[in-house]
Amino acid sequence: MLRRFSTMVSSEPVMDERVIKQQDSAAAAVASPLSAIAEAFEKLGKWVKERKNGSTKQEDIRLDAFCEAASLVSVLFRCLGLAFKFAELEYVAKLHGLLEASKTCATLDDILEVDVASDTVKTSGSFSRNLRRVRQGLDLVRAIFEQLLSSDDSSLKEVASTAYAQVCAPYHTWTVRTAVYAGMYTLPTREQLLMKLNETEQSAEKKMKRYINASIPVIEYIDKLYLSRNITLDW
């Protein structure tokens, strides 16, 4: 899916530096996707913590840096196969929308400012709605990792079903939920997933924990962008 994402972006007449950086990151992530994802979000998570502690003067997370880190995550949905095809397609589409937004919005905060001013925060296709959906994708991966770490079951059905129910199901229609749960039977086994990610149980555990710890402050930061403007998160 990373290759498809790069193709979607590179269809523009001129390839800018942001696209090149994303392609470079994608290439580096092929050998060890989990390492690349963990490292990217550790950088974002570190910035959020430093900002909270007042040790950085930077005002907000840059949108292009966020897109670069988030683009690495789509490979995980692809590895989960048909059951999470919906998540892969929606995630990549919304991320592409954010990449387009980065041409005019420098930071995540700018996205909310633009849409609040035009009263389009929850409008389909708006920058703020795209950010909300990408944030859900990041949280879904976090939940899947947490479930994987708390279970030794070789089947991923229960792991994925629980994570989906926690993060995405409340916002999906009955039709989508039914299709997703039906697709859970097509999930790879635990061993097959680790093989696709080029990991062992031991190496994957360490990297999943790194992502969980790094992504939580980033996800919370995004939520606060909405809540600070009295925008609820029930959509």
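## Two cavities and their linings

About 70 Å³ of space lies in the second largest cavity of this predicted model. Its lining is made up of Leu 76, Leu 80, Val 141, Ile 144, Phe 145, Leu 148, Leu 193 and Leu 197. Sorted by class, that lining has eight nonpolar residues, no polar and no charged ones. Helix H8 is the main contributor here, giving four residues to the lining of the second largest cavity. One of the lining residues, Phe 145, will come up again in the section on the nonpolar core.

How many cavities of 30 Å³ or more does a search of the whole structure find? The search finds three. The largest cavity holds about 90 Å³ of space, and helices H6 (85-101) and H8 (127-149) are the elements that give two or more residues to its lining. The residues around the largest cavity are Phe 77, Phe 86, Ala 87, Glu 90, Tyr 91, Arg 133, Gln 136, Gly 137, Leu 140, Cys 168 and His 172. This lining is mixed in class: six residues are nonpolar, three are polar and two are charged. For the second largest cavity, by contrast, the count of charged and polar lining residues is nil.

## The overall fold

Let's step back to the whole chain. The protein chain has twelve helices and zero strands, and from the N terminus on, the order of elements reads α-α-α-α-α-α-α-α-α-α-α-α.

The protein chain has 235 residues, and 50% of them count as buried. Among contacts with a separation of 6 or more in the protein chain, 76% join residues 24 or more positions apart.

## The nonpolar core

Which residues have the most contacts inside the largest nonpolar core? They are Phe 41, Phe 66, Phe 84 and Phe 145, in a core of 69 residues. Helix H12 (residues 201-227) supplies the largest share of this core, with eleven residues.

Phe 41 makes a good place to start looking around. Leaving aside residues up to four places away in sequence, Phe 41 touches Ala 69, Ala 70, Val 73, Leu 138, Tyr 211, Ala 214 and Val 218. Phe 41 can also be placed relative to Arg 210: the two are 169 residues apart in sequence, yet 8.6 Å apart in space from C-alpha to C-alpha.

## Two charged residues on helix H12

Arg 210 is found in helix H12. Is Arg 210 buried or partly exposed? Arg 210 counts as partly exposed because its relative accessibility is 28%, which lies between the cut-offs of 20% and 50%. With residues up to four places away in sequence left out, Arg 210 touches Ser 35, Ala 38, Glu 39 and Glu 42.

Asp 223 has its place in helix H12 too. Asp 223 has a relative accessible area of 11%, so this residue is buried, the limit being under 20%. Its contacts, again not counting residues up to four places away in sequence, are Arg 132, Arg 135 and Leu 233.

## Two asparagines with positive phi

Asn 198 sits in the loop between helix H11 (190-196) and H12. Its phi is near 60°, a positive value in a residue other than glycine. At 48% relative accessibility, Asn 198 counts as partly exposed.

Where is Asn 230 placed? Asn 230 is in the segment after H12. Although Asn 230 is not a glycine, it has a positive phi of about 60°. Asn 230 has a relative accessible area of 74% and is therefore exposed, the threshold being over 50%.

## Cysteines

A disulfide is a covalent bond between the sulfur atoms of two cysteines. How many disulfides does the model have? With sulfur atoms required to lie within 2.5 Å, the count comes to zero.

Two of the cysteines can be described by their accessibility. Cys 67 is buried, since its relative accessible area is 0%. Cys 79, at 7% relative accessibility, counts as buried as well. Another cysteine, Cys 168, is one of the residues lining the largest cavity.

Definitions and conventions:
Residues are numbered from 1 along each chain as its sequence is written. This is a predicted model: local features need pLDDT of at least 70, side-chain atom pairs count only at pLDDT 80 or more; totals for chains, interfaces and linings use all residues. Side-chain values use heavy atoms; hydrogens and water are left out. A nonpolar core is a set of buried Ala, Val, Leu, Ile, Met, Phe, Trp, Tyr and Cys residues joined through side-chain atoms within 4.5 Å. Buried means under 20% relative accessible area, exposed over 50%, partly exposed in between (1.4 Å probe, protein chains only). Contact means heavy atoms within 4.5 Å. On a 1 Å grid over the protein atoms alone, a cavity is a set of points where a 1.4 Å probe fits but cannot get out, and a pocket is an open set with protein on both sides within 12 Å along at least five of seven lines; lining residues have an atom within 4 Å of a point. Grid points are joined across faces, edges and corners, and a volume is the space filled by probe spheres set on the points. Ala, Val, Leu, Ile, Met, Phe, Trp, Tyr, Cys and Pro count as nonpolar, Asp, Glu, Lys and Arg as charged, and the others, Gly among them, as polar.
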